[in-house]
Amino acid sequence: MAIIRPFKAMRPIKELADQIASLPYDVMDVEEAREMVKDNPYSFLHVDRAEVDLSENIDVYSDAVYEQARENLDGMIERGLYIKDEEPSFYIYKQKIKNRSQVGLLACASIDDYNNDIIKKHELTREEKERDRIKHIYKTSAHTSPVFLTYRENKEISEIIEAWMEKEPLYNFTSEDEVTHTVWIINNRKDVDKISEIFKTVDYLYIADGHHRAASAAKVSNIKREETKNYTGEEEFNYFLVIAYPDSELEVLAYNRTVKDLNGLAKDEFLKAVEGKFEINISENPVEPKEKHTFGMYLEKQWYLLRAKEGTFDEEDIISQLDVSILQNNLLRPILGIDDPRTSNRIEFIGGVRGLEELERRADTDMKVSFSMYSTEINDIMNIADSGNIMPPKSTWFEPKPRSGIFIHKF
């Protein structure tokens, strides 16, 4: 039984929503963040990446950064850039990019559901990234970026959402990356209660993106529980900000790879080694794989189509049959010597949204060989989470990503 709870969102005034809303804090480095805020004093990156307002040589994990984040958020609220809804509500968030859209429900999820695996995970987290968000959440007393959840679609929930989308939206703007963002509020008590009740029939929620934000929220909640006298369990810090999408709404994009060198092999030696595990065909065009167990490879201005040979993976094994596992186990590790893609400085990962041109550019400049992947399917993510297993690193890329700063959950 999943607990999805309405909340009183702090949200930007309509006139500034498009300027305040920012990309998630973890999709850019500090130099890129500084550039993004240079001409925009309203950007929420002043809160999520507060180091942009401090010295360029500042340690981005220093206490001063989190103090600045708190000051910036409090300042935005005091200056009237944010309003707070009077009644606990749900919010519909639609994003449209080119010819596709995705619609999710903004709400609060239960920390206890996270701790008890009602909210399921498929990814390991890194301690240093957790520490960053723990300090940010604790210092600001706020969840500022929603955790990206999915669930197996429930028609009743979808029908309520569709009906509310016929009403006048709260916000409707297009960001600089040509994504249109539209928001509606569900504040009718009957529908709010009905959505909460229907979610109790949803067995599990799944983290699609935002494992570090979720883990950090849980740890802050544990700290606050210890600090709170007369703790009841109803305090807002027992819940964290999420956007929940039915699985039918989501499209997983490929997470491609590029490698710095051929591990000491000449081109012919490398291709011969690859041929031991994959069928290789030269392609006259860039290769975007259209089916499982196929890969594109770009080397010295030539594209190849690779197909995993029979016997190179176990079709019955939920992890080894994933394409990211097949490439890692049959090529990246044994041939290119990439033993741990999490820590190797010889491999980089490129979100599918950046296209095959970026794979070509990197292999033609600072890298050597690039690989285009077939997208992991959303059902694979849920099945792996159900089995208690962990996805290989950099298996999924979701686009468009929910903007930060449109919804804040204060506690």
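Asp380 touches Lys292, Gln321 and Leu322, leaving aside neighbours within four places in sequence. It sits in helix 13 (residues 378-387). With a relative accessibility of 10%, Asp380 counts as buried, because the cut-off for that label is under 20%. Keep in mind that this is a predicted model.

Now for the sheet. Here 6 strands make an open sheet, running in the order 15-17-16-19-14-18 with antiparallel pairing. Strand 15 (278-283) and strand 18 (347-351) are the edge strands; each has a single partner strand, so one side of each has no neighbour in the sheet. On average, neighbouring strands are turned by 25° against each other, direction ignored.

At one end of that order, strand 14 (residues 255-259) pairs with strand 18 in the antiparallel sense over 5 bridges. Tyr255 has Gly351 of strand 18 as its bridge partner.

Helix 12 (residues 355-364) lies across several strands, and its angle to strand 19 is about 165°. The strands it lies across include these:

| Strand | Residues |
|---|---|
| Strand 16 | 294-299 |
| Strand 17 | 302-308 |
| Strand 19 | 369-372 |

Strand 14 and strand 18 also lie under helix 12's path across the sheet strands.

Elsewhere, two helices pack together. The axes of helix 6 (residues 127-140) and helix 9 (residues 211-227) come within 8 Å and cross at roughly 50°, so the two helices are oblique to each other. Their crossing is right-handed. Helix 6 contributes Lys129, Arg133 and Ile137, among others, while the helix 9 side includes His212, Val220 and Glu227. By type, the contact residues split into 7 nonpolar, 2 polar and 7 charged.

Key. Residues are numbered from 1 along each chain as its sequence is written. This is a predicted model: local features need pLDDT of at least 70, side-chain atom pairs count only at pLDDT 80 or more; totals for chains, interfaces and linings use all residues. Side-chain values use heavy atoms; hydrogens and water are left out. Two strands pair if DSSP finds at least two bridges between them. Helices (H or I, at least four residues) and strands (E, at least two) are DSSP runs, numbered from the N terminus. Axes are lines fitted to C-alpha atoms, for helices over the stretch in contact, and angles run from 0 to 180 degrees between N-to-C directions. Contact means heavy atoms within 4.5 Å. Buried means under 20% relative accessible area, exposed over 50%, partly exposed in between (1.4 Å probe, protein chains only). Angles under 35 degrees count as roughly parallel, over 145 as roughly antiparallel, 65 to 115 as roughly perpendicular and the rest as oblique. A crossing is left-handed if the near helix is turned anticlockwise from the far one by less than a right angle, and right-handed if clockwise. Ala, Val, Leu, Ile, Met, Phe, Trp, Tyr, Cys and Pro count as nonpolar, Asp, Glu, Lys and Arg as charged, and the others, Gly among them, as polar.
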